[in-house]
Each structure stands twice: as structure tokens, then as C-alpha cells.
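Hi everyone, thanks for making time. I'd like to walk you through one model today, so let's put it on the screen.

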Amino acid sequence: MKTVILAGGGHTHLEVLKRLSSHHDASVKWILVSASRYHYYSGMFSGFAEGLYSIEDIRIDLKQLCEKKRIHFIEAAVESFDPEHQTVTLSDGEQLALAYDRLSLDIGSHTAPEQIEGLAERQTQMKPAHLFPDRIEACRKAKELVIIGGGAAACEMAFSFHQWKQQHGRKYDRITVIASNEFIDRKSDQVIESMFEEKGIHFIKNDYAVKVTDRYVLTQNEKNILYQEVIFLGGAQAPKLLEASGLPVDQKGFMKVNAGLQTIDDSSIFAAGDCVALVTHPDLPKSGVYAVRQGEVLYHNLLASLNREPLADYTPQQRALILLSTGGMEALMLYGNWRKAGRWAWMWKDYIDRGYMRKYQ
Ligand SMILES: Cc1cc2nc3c(=O)[nH]c(=O)nc-3n(C[C@H](O)[C@H](O)[C@H](O)COP(=O)(O)OP(=O)(O)OC[C@H]3O[C@@H](n4cnc5c(N)ncnc54)[C@H](O)[C@@H]3O)c2cc1C
């Protein structure tokens, strides 16, 4: 009997689970180890923050899915893995070591950058995703909410919390976005910035948050911004256990994988999603759309590797469609040079997101 351990219930492993038949080869034991019983779909986080979706709308019950597929499910965090002895150490109260023949990592990324002093212990953590729903109410009701980060997720969350506050009589609350870089590109940013202005979202541009104290976020340009809740959405950070394994990681600590999503020095370990650095595309954005597409190749390659067959290559799509929710059931569509905003764009996003969830629920 061979054992395949899927570590982490992220977007890519969901695709693997979807493809696995419930009558899969009985000589292979599949185990999913996830830090949470649920997979939370970040594409719907903004709608959840705004109050458009319930918790059940945005999450998938991994335990139930595994039962359907006759896959063993363990709710625990992977603490470490040992490539030499082919074991994974879990922490579910007691330490538990599991042996594997193939290990696949899809443990996502974190949002706790060490370079901002005091942030890690004070932020409302959005990743790993299962930590976020419990803090949503605190962010909605914070009189001063600060979002650090320049990117689509930071914009969406600012718009969504703003909309929630408008609808719940909290119009004197303040939301501040601090961004050191472009959100998307120059033209899209002009649209986003004018929306911030229109809605009264305070925007600090071309500045870095450098320190977080109990009450203030301090920036490089010496601004002190009062906060009750602070969220960091300024880029994905690598889970520490990747580098600790001794396998090659990039300069940020993400696991290096080849086009077959196989780690560089160990053919029995695969990895996908946010936690990897693809050697063929080192600048690939950390985005759910890429993680989902990797699922088909990962599924094929795990089976091919067990059967000693050739692996397939993953090639990212050239362009990705961005539907950025701007609050109040409106969205901005960005695709190549196209930029269009409106309710129709939100309806389209909602249709895609709900369709995505239906595939697994
Ligand atoms: C607010 C926000 C909004 C976003 N919106 C979008 C969007 O609209 N579209 C888009 O394409 N991307 C979006 N992203 C980016 C997207 O969330 C990530 O790129 C995507 O989740 C990556 O998928 P993944 O499979 O790598 O990991 P994830 O989907 O994050 O899953 C990782 C899983 O691993 C589990 N896990 C973590 N550590 C361990 C461990 N040690 N042991 C076991 N299990 C573990 C976690 O519980 C989690 O279930 C957004 C991100 C944020 C923060």
C-alpha cells in the first residue's frame, strides 16, 4: 500500500480531490491533512466582509468532501516534514508522525511580515484563511481600520468594509489604506483612487508602514495613523516549515518547484499554489486563479509519479481576468487593457464565484 499525503486544503488540492474518483485505486491510501475542517474561498472574502455572503456561502467542508471520496481526513496542522525519512509531523494536541510515499504541499501563504515591527502580534490575520472569519466583526466595527498593502485584495477589502459601515450607520468610522506601490497598473489605479476619494476612503500613497504600536501605525514619511484593527495585505509571506525542511526555497522562502510542480531535490514531494516559487515562472503572482489551474497538472503528476509515468508541465495562462469588487454590488473588470466598472461586473463575479463553490459543495 502506498500513501499520498495532501498537506493543506487549499485551492489546488480541492481540484485534486474533485478529480479523484471515490473508487480510486485501493492500493493507494490518500490522506488530506488540513489545519481547518473548512476551505475558505478568498474570492468571496470581500462579499463576506460586506455582508453579502454568509459563512456557509464562502466555505467548503473538507471533511465531508473527503468522506464522499473515501479519503482519510485529519484536522491538524503540518508542523514539519522530513524528506530524508519521508515523514510528516502533525500537531493536533499530540505530536503525530505520518509516513508517506508521496507528499503534496498546498498550505498557502501567511500575512505576517517581520519587517514591520510590531505588526505580527497586532494584526488581524487574513491568512491562513480560516483565521479571518472570527475577526470580521471586529474589523467591521473598528472606528479606525487600517489596511496596509497595495494590491487588488487591499482595495477590495477597503471597499467592502466601507460599504458595510455605510449600511450600518457607521459613517464616521475611518478606513485608511497605506500603499507603497501600484495596486494594479497606472490606469487602473487612477480609477481606484478616484473611487476611494468619492467614498471617503483615506488613502496614503507611496509610503511604507514601518512600525505598529498598540494604537498607531507609523509610516516611513512619519505619519502616525490611529487604528483599532490593522490588516496587512501587502504580499504573501512563506510558511516557515518550507525552508526548515532543507529543500531549496527562493529568497522569500517559497518552495522551489519545476514545471511538473515537483520540488527540485526530491521527486517524492510536490507543491502548488501560493507556497511555491515556480522555477519556470518565478514572478507568477500569488493568486487563487493560478492555484486552481495547477490542480489538473498536480492530480495527473501525483498519479503519474506513483505509476512511474512521465509528468505533465504546468503553463500559467498569459492573462488573468480580474473582477474587483468595489462595494454595493458593483465591480471593476480588468483584463489586459480593458477597464470597465458597473453592476454587471459584480453580477458576473458573483456568478463565477458561486459557480466555483457549487462544484465542491
Ligand atoms: C483578502 C484576500 C482576497 C483575495 N482575493 C482573491 C481573488 O479574488 N482572486 C484570486 O485569484 N486570489 C485572491 N486572493 C489570493 C488567494 O487567496 C490565494 O492566492 C489563494 O488562496 C492561494 O491558494 P492556495 O491553494 O495556495 O492556498 P489557500 O487557499 O490559502 O489554502 C491553504 C490551506 O492550507 C491550510 N494550511 C495552512 N497551513 C497549514 C499547515 N501547516 N498544515 C495543514 N494545513 C495548512 C489552510 O488552512 C488552508 O486551508 C486573495 C487573498 C486575500 C488575502
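Let me start with a warm-up: is Glu 222 buried or exposed? Glu 222 is exposed, with a relative accessible area of 72%; here buried means under 20% relative accessible area, exposed over 50%, and partly exposed in between, with a 1.4 Å probe and protein chains only.

Before going on, some housekeeping. This is a predicted model, in which local features need pLDDT of at least 70 and side-chain atom pairs count only at pLDDT 80 or more, while totals for chains, interfaces and linings use all residues. Residues are numbered from 1 along each chain as its sequence is written, and side-chain values use heavy atoms, with hydrogens and water left out.

Now the overall picture. The protein chain has 11 helices and 22 strands, which are DSSP runs numbered from the N terminus: H or I of at least four residues for helices, E of at least two for strands. Its radius of gyration is 21 Å, close to the 21 Å that the globule rule gives for 361 residues, so the chain is as compact as a globular protein of that length. That radius is taken over C-alpha atoms, and the rule is 2.2 Å times the number of residues to the power 0.38. Along the principal axes, the C-alpha trace spans about 60 × 40 × 35 Å. Of the 361 residues, 52% are buried.

On to the ligand. Where does it sit? Both domain 1 (2-109 + 237-306) and domain 2 (119-235) give residues to the shell around the ligand, so the ligand lies between them; the domain bounds come from an automatic or database assignment.

There are 32 residues around the ligand, and those that come nearest are His 11, Ser 42, Val 78, Asp 106 and Asp 274. Near, in this case, means a heavy atom within 4 Å. By class, the shell has 14 nonpolar, 14 polar and 4 charged residues. For that split, Ala, Val, Leu, Ile, Met, Phe, Trp, Tyr, Cys and Pro count as nonpolar, Asp, Glu, Lys and Arg as charged, and the others, Gly among them, as polar.

Helix H10 (288-306) is one of the elements that supply at least two shell residues, and H10 gives the largest share, 3 residues. For polar contacts, the cut-off is a pair of N or O atoms within 3.5 Å. A polar side-chain atom of Asp 106 lies 2.7 Å from a ligand oxygen. Backbone N or O atoms also come in: one of Gly 288 is 2.9 Å from an oxygen atom of the ligand, and one of Val 289 is 3.1 Å from a ligand oxygen. The protein covers 89% of the 990 Å² of accessible area that the ligand has on its own, by the Shrake-Rupley method with a 1.4 Å probe.

Next, helix H1 (11-19), which also supplies at least two residues of the shell. Of its 9 residues 7 are buried, so H1 is largely enclosed by the rest of the structure; among them are His 11, His 13 and Glu 15. In the loop between strand E1 (2-7) and H1 we find Gly 10, which is buried at 15% relative accessible area. The C-alpha atoms of Gly 10 and Gly 273 are 7.6 Å apart, with their places 263 residues apart along the chain.

Last, backbone angles. Most residues other than glycine have a negative phi. Gln 86 has a positive phi of about 50°, and Glu 222 has one near 65°. Gln 86 is partly exposed at 25%, in the loop between strands E6 (77-82) and E7 (87-92). Our warm-up residue, Glu 222, lies in the loop between strands E14 (216-219) and E15 (224-226). Thanks, everyone!

Definitions and conventions. A polar contact is a pair of N or O atoms within 3.5 Å; within protein, one must be able to donate a hydrogen and the other to accept it, and residues adjacent in sequence count only if both atoms are side-chain atoms.
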